[in-house]
Amino acid sequence: MFVDTHAHLTDERFKGEEKEILEKCRTANVLKIITSGVDYDSSQKALEFAQNYDEVYASIGMYPENIYEFDKQIENIFAQMAQNKKVVAIGEIGLQYTDNMPPREKQKEIFLKQLELAYELKLPIVIHCRDAYGDMIDLLKRNKNLLKYSGTFHCYGGSKEIAKESLKLGFYISVGGVSTFKNASNLKETIKSLPLENLILETDCPYLAPDPFRGRRNDPSLIPIIAKNLAQLKDVSIEEIEEKTTQNARRLFNL
Ligand code: NI
């Protein structure tokens, strides 16, 4: 059995096809899926979706672009929602230092608030990080006391060094479709250097479909393609990838 640890099943690109997609996942042996929110609305929808389907779990949180929505009221609502057993993580939360994003200090402040919330709720975090790996690892190191329930770097795109430092903090690295791209040689080298004990699988669907489906709509039934590629990178069997990544996902998210 495979686990897709990060999907956006409530995306409008799946609308009306949810049942078919989950059926496809069953056929592909992808039997647990964590669907993620990026703001208040999508977090609510993620939890609703998870309540409707046994194999689906929810991650709730405020993504860097949407942090102005995050206030005490939302924090309380998230805390309430997290009382539901189907909520298995806080995320995606993080830092993104690209154009037209909120100021860096504000991003850090809201990330930290959500990290604290996750700690209080005894939940792992799912980190979204773009062009901000240095600051992210510094923030995590300075707040080690809040990392007891660990977390993962979703769609990891940082260096080998930062990946190693993340593992020292007890974090996981999520391997997705980008790892199958022909031009992803740095990422492939990084993944080769990491122990299987810290790797989990994800699609981030509907985005980032693996090769040879790059550019098309992604869905969790493509996890075995990512797993097969990972098996080649790590020079082990796909069965071993299946077993280890599923064990890791279960441990991290308490599935
Ligand atoms: Ni995502």
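## Asp11, two helix pairs and the cysteines

Asp11 sits in the loop between strand S1 (2-7) and helix H1 (18-27). Keep in mind that this is a predicted model. Beyond that loop, here's a quick run through two helix crossings, H5 with H6 and H8 with H9, plus a look at why no disulfides turn up.

**Around Asp11**

- Despite its place in a loop, Asp11 is buried, because its relative accessible area is 18% and the cut-off for buried is under 20%.
- Leaving aside residues up to four places away in sequence, Asp11 touches Pro206 and Tyr207.
- Thr35 is 24 residues from Asp11 along the chain, and the C-alpha atoms of the two are 9.8 Å apart.

**H5 against H6**

- Helix H5 (residues 133-142) and helix H6 (residues 160-168) have axes that come within 11 Å and cross at roughly 15°.
- That angle is under the 35 degrees cut-off, so H5 and H6 count as roughly parallel to each other.
- The crossing of H5 past H6 is left-handed.
- On the H5 side the contact uses Tyr133, Gly134, Ile137 and Lys141, while H6 brings in Ile162, Glu165 and Ser166.
- Sorted by type, the residues of this H5–H6 contact are three nonpolar, two polar and two charged.

**H8 against H9**

- Helix H8 (residues 223-234) and helix H9 (residues 238-253) have axes that come within 8 Å, crossing at roughly 110°.
- With 65 to 115 degrees as the range for roughly perpendicular, H8 and H9 are therefore roughly perpendicular to each other.
- H8 and H9 make a right-handed crossing.
- From H8, the residues in contact are Pro224, Ala227, Lys228, Leu230 and Ala231, and they meet Ile238, Ile241 and Thr245 of H9.
- The H8–H9 contact residues split into six nonpolar, one polar and one charged.

**Cysteines**

- Searching the whole structure for disulfides gives zero.
- Why does Cys25 have no bonded partner? The closest cysteine sulfur, in Cys205, is 7.7 Å from the Cys25 sulfur, which is too far for a bond.
- For a pair to count as a disulfide, the sulfur atoms have to be within 2.5 Å.
- Cys129 is also out of reach of a partner, because its sulfur is 11 Å from the closest cysteine sulfur, the one in Cys155.
- Buried or exposed, then, for Cys25? Cys25 is buried, with a relative accessible area of 1%.
- Cys129 is buried too, at a relative accessible area of 8%.

Terms used
Residues are numbered from 1 along each chain as its sequence is written. This is a predicted model: local features need pLDDT of at least 70, side-chain atom pairs count only at pLDDT 80 or more; totals for chains, interfaces and linings use all residues. Side-chain values use heavy atoms; hydrogens and water are left out. Axes are lines fitted to C-alpha atoms, for helices over the stretch in contact, and angles run from 0 to 180 degrees between N-to-C directions. Helices (H or I, at least four residues) and strands (E, at least two) are DSSP runs, numbered from the N terminus. Angles under 35 degrees count as roughly parallel, over 145 as roughly antiparallel, 65 to 115 as roughly perpendicular and the rest as oblique. A crossing is left-handed if the near helix is turned anticlockwise from the far one by less than a right angle, and right-handed if clockwise. Contact means heavy atoms within 4.5 Å. Ala, Val, Leu, Ile, Met, Phe, Trp, Tyr, Cys and Pro count as nonpolar, Asp, Glu, Lys and Arg as charged, and the others, Gly among them, as polar. Buried means under 20% relative accessible area, exposed over 50%, partly exposed in between (1.4 Å probe, protein chains only).
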